[in-house]
Amino acid sequence: MLQKKAAHADLNNFSKLFFQLGLLLTMIMVYTGLEWKTFERNIEQLNDAVFQVEEIEEIPMTKRELEIKPPPPPPPAPEQITVIENDVEIEETILESTETDEHEAVEYNEDLNDIAEVVEEEVVEEVPFAIIEEAPVFPGCNGNKKELKKCLQDKITAHVNKHYNTGLATDLGLSPGKKRVYVMFMIDNNGEIKQVQARGPHARLEKEAIKVIESLPKMKPGMQRG
């Protein structure tokens, strides 16, 4: 087999030389690192630097003294005392006893039958829909308390979507997009809609929302603590 390289071009012949050169360079770098000197910078040379020293200010303790005002002097006594003679005779009123016994007759007054019975007015408590124990029942809803409450919300939403004039915003010239109208109302103890209030971007939209809510059917009123 013929040799492809010349003998003087074989790098293995110079491996010892390369090792010695690398070792020498390493020793020079280590020696230079050990002999390297650093000098402290003189702060006076930093002419452009601005140092701000925080001054600690001692705040003296203050003592608040309450000024106690003396009480006002009593009103002066009148210079002359006038004595008024009381010549009016006072008649003593003798209170008759109202006690009776079994021998005394009691008179019957027929006018006592005309006394009207006082009926106390029932106090109705306003309870928010979110915390009421038994929500009002929309006609046609059935189920437990949770199902009745959800059915009421769904029925009111369907009623509004069916009867509310959604094209009213376009007729009023309002900008395109959804218009939100907030409505608050109360279902009284008879199940009727009362105190309807609305707030929206236009008075016509508020009036339309009030009209739709007032057209809700009569419901079974809610219950709170019986």
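**Entry 1: α4**

Which exposed residues does the face of α4 turned away from its buried side carry? I looked this up before anything else, and the face in question carries A203, K207, K211 and E214. A reminder to myself: this is a predicted model.

I then turned to the buried residues of α4 and noted L205, E208, A209, V212 and I213. They sit on the same side of α4, because the arc they cover around the axis is only 130°. That fits what I know of helices: with 3.6 residues a turn, residues three or four places apart point the same way. For their partners, I found that the buried residues of α4 pack against α2, α3, β1 and β2.

I also checked the length of α4. Its twelve residues should span 16 Å at 1.5 Å a residue, and the end C-alpha atoms are 17 Å apart, so the two agree.

**Entry 2: the whole chain**

I stepped back to see where α4 belongs. The chain has four helices and two strands, and from the N terminus on I read the order as α-α-α-β-β-α. What share of the 226 residues counts as buried? I wrote down 11%. As for contacts between residues at least 6 apart in sequence, 54% join residues at least 24 apart.

**Entry 3: α2**

I treated α2 as I had treated α4. This helix has 19 residues, and from first C-alpha to last it reaches 27 Å, close to the 27 Å expected at 1.5 Å a residue. I listed its buried residues as L148, C151, L152, I156 and H159. They too lie on one side, the same side of α2, because their arc around the axis is only 130°. On the other side of α2 I found K146 and N161 exposed. What covers the buried residues of α2? I can name β1 and α4 among the elements that do.

**Entry 4: the largest pocket**

Next I went looking for empty space. The largest pocket came out at a volume of about 1700 Å³. Its lining counts 49 residues, and the closest to the centre are I156, V183, M184, F185 and M186. I had already met I156 among the buried residues of α2.

Which elements give two or more residues to this lining? My list reads α2 (145-163), α3 (168-171), β1 (182-187), β2 (193-199) and α4 (203-214). Of these, α2 gives the most, with six residues. Sorted by class, I get 27 nonpolar, 14 polar and eight charged residues in the lining.

**Entry 5: Q195**

I paused at Q195, which has a positive phi of about 50° although it is not a glycine. I placed Q195 in strand β2. Is Q195 buried or exposed? Its relative accessibility is 52%, and exposed means over 50%, so Q195 counts as exposed.

**Entry 6: A135**

Last, I looked at A135, in the loop between α1 (15-34) and α2. A135 counts as buried because its relative accessibility is 15%, and the cut-off for buried is under 20%. Leaving out residues up to four places away in sequence, I found A135 touching F129, K149 and G222. I also noted a pairing across the sequence: A135 and Q224 are 89 residues apart along the chain, yet their C-alpha atoms are 8.7 Å apart in space.

Key: Residues are numbered from 1 along each chain as its sequence is written. This is a predicted model: local features need pLDDT of at least 70, side-chain atom pairs count only at pLDDT 80 or more; totals for chains, interfaces and linings use all residues. Side-chain values use heavy atoms; hydrogens and water are left out. On a 1 Å grid over the protein atoms alone, a cavity is a set of points where a 1.4 Å probe fits but cannot get out, and a pocket is an open set with protein on both sides within 12 Å along at least five of seven lines; lining residues have an atom within 4 Å of a point. Grid points are joined across faces, edges and corners, and a volume is the space filled by probe spheres set on the points. Ala, Val, Leu, Ile, Met, Phe, Trp, Tyr, Cys and Pro count as nonpolar, Asp, Glu, Lys and Arg as charged, and the others, Gly among them, as polar. The expected span of a helix is 1.5 Å times one less than its number of residues. Buried means under 20% relative accessible area, exposed over 50%, partly exposed in between (1.4 Å probe, protein chains only). The arc is that of the directions from the helix axis to the C-beta atoms. Contact means heavy atoms within 4.5 Å.
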